[in-house]
There are 2 protein chains.
Amino acid sequence: MCLNYNPVSVFVDPDLADAEKIAKEAISQHKMLLIAGNCWVHYVGRARSKLDPGERILIVKEDGSLLVHRSTGYEPVNWQPPGCIFQTCLKNGVLELKAIRRKPRESVSVFFDRVYMISSLSLKDPGEFALYASEEDMQKAILFEPSLLEEGFKPISYEKRVEPGFVDVYGLDKNGKFVVVEIKRRTAGKEAVLQLAKYLEFIKGRVSRETRGILAAPSIAKDVQRLLETLNLEFKPLDPKKCAEVLNRFETIKLEAFFKQGSQ
Amino acid sequence: MCLNYNPVSVFVDPDLADAEKIAKEAISQHKMLLIAGNCWVHYVGRARSKLDPGERILIVKEDGSLLVHRSTGYEPVNWQPPGCIFQTCLKNGVLELKAIRRKPRESVSVFFDRVYMISSLSLKDPGEFALYASEEDMQKAILFEPSLLEEGFKPISYEKRVEPGFVDVYGLDKNGKFVVVEIKRRTAGKEAVLQLAKYLEFIKGRVSRETRGILAAPSIAKDVQRLLETLNLEFKPLDPKKCAEVLNRFETIKLEAFFKQGSQ
DNA sequence: AATTAAATTTCGCCT
DNA sequence: AGGCGAAGTTTAATT
């Protein structure tokens, strides 16, 4: 009835007393808790709701958030945001799991009379989430659509090896000057400016033409902007959302080209 | 490594080939699919996103919706609304699960290199979900706050047994007339009107005072309204949300009274 | 902390 | 099916 493996423990068809023990332990140890069973739900707070009995999935996350999912629908039928306090109570053959929140004062109670499966999970999740575009995507977008950087820009190469590291994008402006581009996905900090300065220094020593250094990022702090200007570098606002639109457009074009080719 | 019980099958530490088989089967049979494992996610569509590797929960529901949940946060990090088409692909030790939607054209791909647990579930869920107030709650709200029905209304009893069934609420109006109230949670239909008429007919035969029949519901269809008027009955708009506010207020009052009592 | 604006908003009601 | 408005909206950014 029980299986353990690395970050997960699964119990199938536990009695409600065992289920309560497992749930209590998972919650107190800040593990993710997952229950499949027959339940009904009461919510009182900003609004109020009742969910009549049925088989559903309950998730309690490490941060004290709660989700009740039915077998259909993208949205949870009931939920509670992070930071809840939890109580469990086993009485008359019913296991109650209550998630309480203050500010606003509200609570969700889930009542189980059957638990088919209960699982506690310790999930390690260091992965970064990048909406619209990662730094790599922003680089790709500039290569697809160089005018994102400035009118007349012509990329020559990317991820170019220079002594201190790799130059994100490297090219010529409309006047034939060499341009070194450093891309940041978030508000550019001092490090980004210094990095760009280093790369430019290296390039200057190896090229006879005039050079420019451009820092492309969604935004830049005022004091960092001053440093940038002191070092004779430039800032270009680059919106990840705009980059995503460019990438989607080009991928669609590539896709259409593929279908055209395929149909001939 | 595998446990079966009634509506759920759970597989712990399956190899990716088994996981693919289980996933394919669950999806084709319109069962709910649940995977815990190490994964990364790409989304392209209205927007675009990348999620770097980490341990997460994937849910595919019967209706073809998809959810990727991290260990924290109330919202899914990636998702796809109901009605998706699914593809799976096992290649180079990576299991890809792709959910495609048209209109708008978008797709979410989840790549697993480790599956800790995979489960398919056949959940039966007939339970009704009532936001704000169930019919019973609306009845309770009128008893707490009779002016919800009309100014001067005085409830006498509720769930009163009459020959054809049970009268929801029963009382006197400000002029001393008997009032029979029929409550519906949704737009009132013909049945509700006929039911109220039946109850009122029964009451009329047993009471010497004048009587009124009031149908309380969020709304009523035009043709049903005509029938209602023909039968000399009345309609009173009753908003479940307003009822919920009343109930919350009274529960708070009851709670405060309880605490006052407790502290003395 | 409070206010405002955006969201892969979603969802329901109406035409 | 498309458009509008509300949501237990939520969430992030800004004052």
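Domain bounds, as I use the term this morning, come from an automatic or database domain assignment. On that basis, chain A is divided into domain 1, residues 2-121, and domain 2, residues 135-258. The C-alpha centres of these two domains of chain A lie 49 Å apart. Please bear in mind that the model is predicted.

Let me turn to the DNA, beginning with strand C. Around DNA strand C there are 13 residues, and A:Glu75, A:Lys241, B:Arg46, B:Asn78 and B:Trp79 come nearest. Of the strand C atoms that come within 4 Å of the protein, 69% are accounted for by sugar and phosphate. Bases are nevertheless contacted: the side chain of B:Arg46 places an N or O atom 2.6 Å from a base oxygen of strand C, and a polar backbone atom of B:Trp79 lies 3.2 Å from a base oxygen of that strand. On the phosphate side, a polar side-chain atom of A:Tyr132 is 3.4 Å from a phosphate oxygen. Two elements give two or more residues to this surface, namely β10 (129-131) of chain A and β6 (78-80) of chain B. By class, the surface has 8 nonpolar, 1 polar and 4 charged residues.

Next, strand D. The residues closest to DNA strand D are A:Arg46, A:Trp79, A:Gln80, B:Lys103 and B:Lys241. Strand β6 of chain A, residues 78-80, supplies the largest share of the nearby surface, 3 residues. Within that strand, A:Trp79 has a polar backbone atom 2.6 Å from a base nitrogen of strand D. Phosphate oxygens of strand D lie 2.6 Å from a side-chain N or O atom of B:Lys241 and 3.4 Å from a polar side-chain atom of B:Tyr132.

Terms used. Residues are numbered from 1 along each chain as its sequence is written. Chains are lettered from A and ligands numbered from 1 in the order in which they are written. This is a predicted model: local features need pLDDT of at least 70, side-chain atom pairs count only at pLDDT 80 or more; totals for chains, interfaces and linings use all residues. Side-chain values use heavy atoms; hydrogens and water are left out. A residue is near a molecule or strand if one of its heavy atoms lies within 4 Å of it. A polar contact is a pair of N or O atoms within 3.5 Å; within protein, one must be able to donate a hydrogen and the other to accept it, and residues adjacent in sequence count only if both atoms are side-chain atoms. Helices (H or I, at least four residues) and strands (E, at least two) are DSSP runs, numbered from the N terminus. Ala, Val, Leu, Ile, Met, Phe, Trp, Tyr, Cys and Pro count as nonpolar, Asp, Glu, Lys and Arg as charged, and the others, Gly among them, as polar.
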